[in-house]
Amino acid sequence: MDINNIENIELKYLTVDDFEELKAATLESYGGVLDSYWKKDHIQKLTTMFPEGQVVIKIDGNLAGCALSLIVDYDKIDDNHTYSDIISGESFKNHDPEGDVLYGIDVFIKPEYRGLRLGRRLYDYRKEVCETLNLKSIVFGGRMPNYHKHRDLTPKEYIEKVKRKEIHDPVLNFQISNDFHPVRVLKNYLEGDTASSEYAVLMEWDNINYTKPNKKASSIKTVVRLGLIQWQMRPYKGLDDLMQQVEYFIDSVSAYRSDFAVFPEFFNAPLMAEFNHMHEPDAIRELAKFTETIVNRMKQLSISYNINIISGSMPELVGDKLYNVGYLCRRDGSFERYEKIHVTPDEAKVWGMQRGDKLKTFETDCGKIGILICYDSEFPELSRLLSDEGMDILFVPFLTDTQNGYSRVRLCAQARAVENECYVAIAGSVGNLPNVNNMDIQYAQSAVFTPCDFSFPSNGIKAEATTNTEMILVADVDLSLLRELHSFGAVKNLKDRRKDFYDVIRVK
């Protein structure tokens, strides 16, 4: 077919009026095999029960290709099904408008129109239908027409060689190039398919925009607004005075309809001023006595201001052991605790701080989040474990005294965003505390970092505060961009990991 002679290409819904032309095109495409075409009553059923799933491509009014589909509840489909099982002896009773997967039952391009990338148009249309109907994925049994030439190989070996481009299979190569991936081998899938030795490969395309139907009134947000509080270290008369400043900032970021208010590590350190006459280990243990009250008041503020609060971190005594911990106070009234896993040499030496052993992601109304306190962000294994649990946003409350200390946190946070394909938000303290031992000076520039790809800032910086200035930083992050990145990024850091060669595992 000379592309220069084409005047019009259109994608149309299949109708019963197309039957005779469809029959002829099918016989031509499948080599004239007897009965290798749909009957008129089949077309009537398909176009009635699921019209948007049945489409044809016409070139200058002539039928050039076709794609037919059903919607199925995949949990009801046997993993080792056959083609006949899916079409139910051509009764199509497996079609379920309330199902979750688009199942392709036929697709072809007439021989004279091949080479014009029309098949890609049909596949792209199916993807649009899948996304529009909020279905999990597209699946179908893919033939292996060149397998009969390599019967010394198992189907699995054959597929691997096709993927490595050692063997050319026109069907599998095309499907893989259109972002479909092999799931499993199906035996005795299509009776009479001798070229494939009656094997097929279950191919799947995942809808990254799929959202599980929610029966509750609330839903997971995709665009999330972060409110980072760059906290000024200053003297306070007491706990009420400090909490007045806490509420001021929560009020400020909630006025911008932020979903999170993020405080720095040890933001409550100014309260140690009244214990400065004590040895440092005793002074910080006195500070730990305020933690329960601060957390309880933050819980109340999260509800009254309708915002999720990440409390930064505070010292906390568990028995006679001192830990660096923080709390996620959700706006629905629930809360969870997190711990600093790696304490710095100074925390251990001066205060006797103990290492934590709690690491997990947290479910929120804005997706899954992770929280690592300061030094923990410098150990990539922790964020990798959180990433494996589906983390979208990593929050890093930090406290650094010098610019080189801050640079370690910042550079590592940016690396975590790239390698885990997630957003990373860091929040720190500024100013001086001359009356608190071991907390004299602070250096910070709070920021939000992103992966480096076309949908994100080229330098990976979404927003950043003014260095060493008390302020709030408000920034929006779009979680749907992460879904696209995972599958369609210029590079795919998560998918391309060599798990066959190395892995990161929990010891306990």
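Begin with the two domains of this predicted model: select residues 9-206 as domain 1 and residues 223-488 as domain 2. Their centres, taken over C-alpha atoms, are 51 Å apart.

Next, select residues 224-479, the span that an unreviewed UniProt entry lists as "domain: CN hydrolase". Helix accounts for 29% of this span and strand for 29%. Display the C-alpha atoms at its two ends; a distance of 7 Å separates them.

Proceed to helix α4, residues 118-132. Asp 124 lies in this helix. With the surface displayed, add Glu 128, Glu 131 and Glu 484 to the selection: together with Asp 124 they gather in a patch of negative charge on the surface. Helix α4 is the element that gives the most to this patch, contributing 3 residues.

Now select Lys 136 and Asp 100, which form a salt bridge. The closest N and O atoms of the pair are 3.6 Å apart, within the 4 Å limit that defines such a contact. Which parts of the chain does this pair tie together? Lys 136 lies in the loop between α4 and β5 (137-142), and Asp 100 in the loop between α3 (83-87) and β4 (101-109), so the contact links parts that are 36 residues apart in sequence.

To finish, display the salt bridges of the whole structure, of which a search finds 30.

Methods. Residues numbered from 1 in each chain as written. Predicted model: local features only at pLDDT ≥ 70, side-chain atom pairs only at ≥ 80, totals over all residues. Heavy atoms only, no water. Domains from an automatic or database assignment. UniProt positions renumbered as here; feature names shortened; annotations may be inferred. Helix = DSSP H or I, 4+ residues; strand = E, 2+ residues; numbered from the N terminus. Patch = residues over 30% accessible without salt bridge, like charges linked within 9 Å, V, L, I, M, F, W, Y side chains within 5 Å. Areas by Shrake-Rupley, 256 points an atom, 1.4 Å probe, with all protein chains shown as cover. Salt bridge = Lys/Arg side-chain N within 4 Å of Asp/Glu carboxyl O. Lys, Arg positive; Asp, Glu negative; His and termini not counted. Charge placed at Lys NZ, Arg CZ, Asp CG, Glu CD.
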